[in-house]
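Here are my notes for a first look at this one. Keep the viewer open while you read, and go through the points in order.

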Amino acid sequence: MANHVHVLLLPLISPSRLLQSLKGHTAREANLILDRTGRKFWQAESYDHWVRDDVERERIAAYIEKNPVKAGLVDSADKYLWSSAGKSVETSLDAADTSVRATQASLVARLS
């Protein structure tokens with residue numbers, strides 16, 4: 001999305017630690033691109049929610065995938081570049097696995 005992010009995760013580490021790492025890294029990178037080093041990038045607010053069952057997970061995933069269409073960025077969810085819509089479950093899981101491994105490696109490097 002142009003002004004916010006939706007993510008549905010099955011984290012292997014504590015969600016608060018994952019979000020701290022994710023938001024810290026993306027803020028640094030975005031501020032470098034925008035030539036805004038040292039300035040806040042993310043708003044303090046965030047909404048997190050524990051998914052309790054597969055029905056709820058599917059409902060949330062559908063909401064997230066339809067969001068770029070609702071915002072008028074694309075005419076169908078599968079056309080949004082960063083969406084899981086239209087991609088196989090394996091592709092989405094591979095991407096999630098890669099992201100988790102990168103996050104874990106980053107955390108390990110920081111703690112070393």
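1. A word on terms before anything else: a residue is called buried when its relative accessible area is under 20%, exposed when over 50%, and partly exposed in between. By that count, 18% of the 112 residues of the protein chain are buried. The chain exposes about 9000 Å², and carbon and sulfur atoms supply 58% of that area.

2. Please remember that you are looking at a predicted model. The mean pLDDT of the protein chain is 79, with 76% of the residues scoring at least 70. Where is confidence lowest, and where is it highest? The low end is H3, with a mean of 62, and the high end is H2, at 91.

3. The overall layout is quick to describe. The protein chain has 3 helices and 0 strands, so to speak an α-α-α pattern when read along the sequence. As for how the chain meets itself, take the contacts with a separation of 6 or more: 46% of them involve residues 24 or more positions apart.

4. Start the tour with H1, which covers residues 15–33. From first C-alpha to last, its 19 residues reach 27 Å, close to the 27 Å expected at 1.5 Å a residue. Which residues of H1 are buried? They are Leu18, Ser21, Gly24, Ala27, Ala30 and Asn31.

5. Just past H1 comes aspartate 35, and its backbone deserves a look: phi is positive, near 55 degrees, in a residue other than glycine. Aspartate 35 belongs to the loop between H1 and helix H2 (54–70). Is aspartate 35 buried or exposed? Its relative accessible area is 68%, over the 50% cut-off, so aspartate 35 counts as exposed.

6. Threonine 37 sits in the loop between H1 and H2. Threonine 37 is exposed because its relative accessible area is 57%, again over 50%. Leaving aside residues up to four places away in sequence, threonine 37 touches Asn31 and Leu32; Asn31 is also on the list of buried residues of H1. Another buried residue of H1 is Ala27, and the C-alpha atoms of threonine 37 and alanine 27 are 9.1 Å apart, with their positions 10 residues apart along the chain.

7. Next, the aromatic rings. How many aromatic pairs does a search of the whole structure find? The search turns up 1. The pair is made by phenylalanine 41 and tryptophan 42: the ring centres are 5.3 Å apart and the planes stand at 90 degrees, so the arrangement is edge-to-face. Phenylalanine 41 is partly exposed, at 33% relative accessibility, and tryptophan 42 is partly exposed too, at 31%.

8. H2 has 17 residues and a reach of 24 Å from first C-alpha to last, close to the 24 Å expected at 1.5 Å a residue. Its buried residues are Glu56, Ile60, Ala61, Ile64, Asn67 and Pro68. What caps the N-terminal end of H2? Aspartate 53 does, with a side-chain oxygen 3.2 Å from the backbone nitrogen of valine 55. After H2 comes glycine 72, where phi is positive, near 80 degrees.

9. Finish in the loop between H2 and helix H3 (89–111), where you will find serine 76. At 21% relative accessibility, serine 76 is not under the 20% cut-off, so serine 76 counts as partly exposed. The side chains of serine 76 and aspartate 78 are joined by a polar contact of 2.6 Å. If you want one more distance to check, the C-alpha atoms of serine 76 and glycine 86 are separated by 9.8 Å, and the two residues are 10 apart along the chain.

10. One reminder when you go back over the picture: H3 is where mean confidence is lowest, at 62. The points on H1 and H2 rest on their own values, including the reach of 27 Å for H1 and of 24 Å for H2.

Terms used: Residues numbered from 1 in each chain as written. Heavy atoms only, no water. Helix = DSSP H or I, 4+ residues; strand = E, 2+ residues; numbered from the N terminus. Expected span 1.5 Å × (residues − 1). Buried < 20%, exposed > 50% of the residue type's maximum accessible area, 1.4 Å probe, protein only. Polar contact = N/O pair within 3.5 Å; in protein donor to acceptor, adjacent residues only side chain to side chain. Phe/Tyr/Trp six-rings, centres within 6.5 Å; stacked < 30°, edge-to-face > 60°. pLDDT = per-residue confidence, 0-100. Contact = heavy atoms within 4.5 Å. Areas by Shrake-Rupley, 256 points an atom, 1.4 Å probe, with all protein chains shown as cover.
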